[in-house]
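Reader: Before we discuss this model, could you set each name you use against the criterion behind it?

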Amino acid sequence: MARPGHGRSRPSLEEDEDEEAEDPVDAMISRTGCAAQHRELQECMAARQDWRHCQPQVRAFGECMAQRQRTEE
């Protein structure tokens with residue numbers, strides 16, 4: 001049983017295997033062609049811990065996604 005304060009108990013082996021599968025959000029971003037910009041943004045966020053310090057990466061990812069949306073219309 002989970003200790004107080006924990007939302008769930010320890011994951012089963014089956015759940016561990018599911019976590020190794022590709023994240024659906026990562027798969028979706030890969031299909032947009034903006035994976036490199038997203039990775040750079042994620043790396044900046046991991047290093048800086050504050051999105052305000054990552055504005056060039058935020059803008060680059062946003063511009064890439066906007067371009068992708070314009071081409072789909």
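Reader: What makes I29, C34, L41, C44, C54, F61 and C64 a nonpolar core?

Author: In this predicted model, these seven residues form the largest nonpolar core; the term requires buried residues of nonpolar types, Cys included, joined through side-chain atoms within 4.5 Å, and therefore the cysteines count here beside I29, L41 and F61. Helices α3 (35–48) and α4 (55–72) each supply at least two residues of this core.

Reader: How do you know that C34 and C64 form a disulfide?

Author: Their sulfur atoms lie 2.0 Å apart, and the criterion is a distance within 2.5 Å, so the pair of C34 and C64 qualifies. With -90° about the S-S bond, this link of C34 and C64 is left-handed, and it joins distant parts of the chain, since C34 sits in the loop between α2 (24–32) and α3 whereas C64 belongs to helix α4, 30 residues apart.

Reader: Why are C34 and C64 called buried?

Author: Both are classed as buried, which means that each has under 20% relative accessible area. Leaving aside residues up to four places away in sequence, C64 touches G33, C34 and Q37.

Reader: What makes C44 and C54 a disulfide?

Author: The sulfur atoms of C44 and C54 are also 2.0 Å apart, and because the limit is 2.5 Å, this pair is a disulfide as well. C44 lies in helix α3 and C54 in the loop between α3 and α4, ten residues apart, and both C44 and C54 are buried.

Reader: What is the pairing of the bonded cysteines in sequence order?

Author: The pairing is 1-4, 2-3, and a search of the whole structure finds two disulfides.

Technical notes:
Residues numbered from 1 in each chain as written. Predicted model: local features only at pLDDT ≥ 70, side-chain atom pairs only at ≥ 80, totals over all residues. Heavy atoms only, no water. Buried < 20%, exposed > 50% of the residue type's maximum accessible area, 1.4 Å probe, protein only. Helix = DSSP H or I, 4+ residues; strand = E, 2+ residues; numbered from the N terminus. Contact = heavy atoms within 4.5 Å.
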